[in-house]
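Let's walk through how some strands pair up here, one question at a time. Have the model open while you read.

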Amino acid sequence: MKPISYFLFAFLLIAVLPACQKIQDTNPDGISMGTLKKTVTGDCMAVVVSGIFIVDSILKNDNYVDVEVDVTQAGTFDIKSDSVNGYSFIKKGTLATGLNKIRLYASGKPLAAGVNTFTISYGLSTCSFKITVFTGGSAGSAQFTLGGSPGNCSVSSINGNYIVGQALTAANTIEMTVNVTTIGTYNITGTVINGVSFNVSGAFTNPGIQNIFLTATGTPTAAGVFTYTVTNNTTSCNFSITYTVTITNASFGLSGSPGNCTGATVSGTYTAGTPLNATNTVLINVNVTSPGIYTITTTAVNGISFSASGTFNITGLQQVTLKGIGTPTAAGVFNFPVSGNGNTCGISVTCM
């Protein structure tokens with residue numbers, strides 16, 4: 001009987017060990033696990049600072065920092081920084097496995113000008129980032145060059161409709177790149193041509209190559225192609241706008257049609273029960289053969305959909321950002337057919 005007892009004990013031990021291991025590999029508290037993306041020196045990687053930080057000015061929703069985390073186990077998270085110079089950063093929510101972007105919103109009021117270093121932690125990992133606080137409502141002048149200067153501006157998209165006799169709106173923008181060497185305030189201006197001008201002002205909070213949006217104002221007076229020059233007083237570049245008398249439909253194809261959308265990029269976090277916001281977008285590629293207005297949409301799947309509309313002013317390969325709306329109803333991977341100008345391609349979105 002004794003050998004049989006040993007055999008039974010060994011059998012039970014082998015059966016129990018995997019079960020114990022499974023329990024250890026899961027998190028009964030539902031808290032996500034992973035690490036912050038950072039450099040070898042401890043700086044948060046892919047950090048993006050938004051908004052301008054002014055002494056004695058209460059911080060708002062446009063004051064935030066984006067960081068990245070590599071999540072190995074999905075669940076909830078609570079990331080916050082230390083408090084420095086009268087303000088701090090915090091964000092709570094849920095995360096899916098894989099690489100996630102976290103938007104930490106600032107709260108408080110900077111007490112003094114200077115460069116502040118903040119440290120955040122997630123699990124057992126930490127990283128740091130720097131915020132520049134400016135004095136008395138003035139950030140100083142930024143130093144930067146316009147992309148494409150002194151030739152054609154490095155334009156990535158022309159948005160909105162450009163129709164003779166119709167006043168332009170906030171939807172009429174030009175997206176282009178700039179290269180910032182010194183952060184601070186900026187002002188880009190253009191002369192009035194055909195009743196329309198393009199301008200933008202604001203503040204750069206990070207050095208390096210980044211995108212800005214020139215906003216159109218005015219009412220076009222004639223049809224045709226007009227060339228605009230914009231400047232920041234040190235560099236200048238130009239781009240062309242096509243004005244039409246009536247609205248004409250563009251001719252274009254969706255890259256990858258009729259299969260998966262080629263090079264599509266899905267951005268934002270998708271969580272069941274949480275409404276989508278401005279970060280929930282899909283970037284797709286199109287090939288324009290004839291300028292004009294366009295509308296690109298997806299069908300509604302799992303309570304959400306994506307769409308974009310505007311004007312293609314030039315022919316060739318271009319990118320379009322589809323904005324998401326709605327509230328996901330369930331977790332899982334969902335396929336969305338993207339339709340435009342009679343052709344279709346597919347994208348997939350993962351909801352937590």
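Q: Which residue in S15 is the bridge partner of Phe-198?
A: This is a predicted model, and in it S14 covers residues 196–204, while S15 covers residues 208–218. The two strands run antiparallel, with 4 bridges between them. In S15, Phe-198 is matched with Ala-216.

Q: How many residues does the hairpin use to join S14 to S15?
A: S14 and S15 pair in the antiparallel sense. The hairpin gets from one to the other through 3 residues.

Q: Which residue in the turn between S13 and S14 has a positive phi?
A: S13 (residues 184–190) and S14 pair antiparallel over 5 bridges, and one bridge puts Thr-185 with Ala-203 in S14. The two strands form a hairpin with 5 residues between them. In that turn, a phi of about 55 degrees belongs to Asn-194.

Q: Why is one side of S3 and of S8 left without a neighbour in the sheet?
A: Start with the open sheet of 3 strands, ordered S3-S9-S8 with mixed pairing. S3 (53–54) and S8 (114–122) stand at its edges, so one side of each is left without a neighbour in the sheet. What it comes down to is that S3 and S8 each have a single partner strand.

Q: Which residue in S9 does Thr-119 stand opposite?
A: S9 takes in residues 125–134 and pairs with S8 in the antiparallel sense, over 9 bridges. Thr-119 faces a residue in S9, and that residue is Ser-128.

Conventions. Residues are numbered from 1 along each chain as its sequence is written. This is a predicted model: local features need pLDDT of at least 70, side-chain atom pairs count only at pLDDT 80 or more; totals for chains, interfaces and linings use all residues. Side-chain values use heavy atoms; hydrogens and water are left out. Two strands pair if DSSP finds at least two bridges between them.
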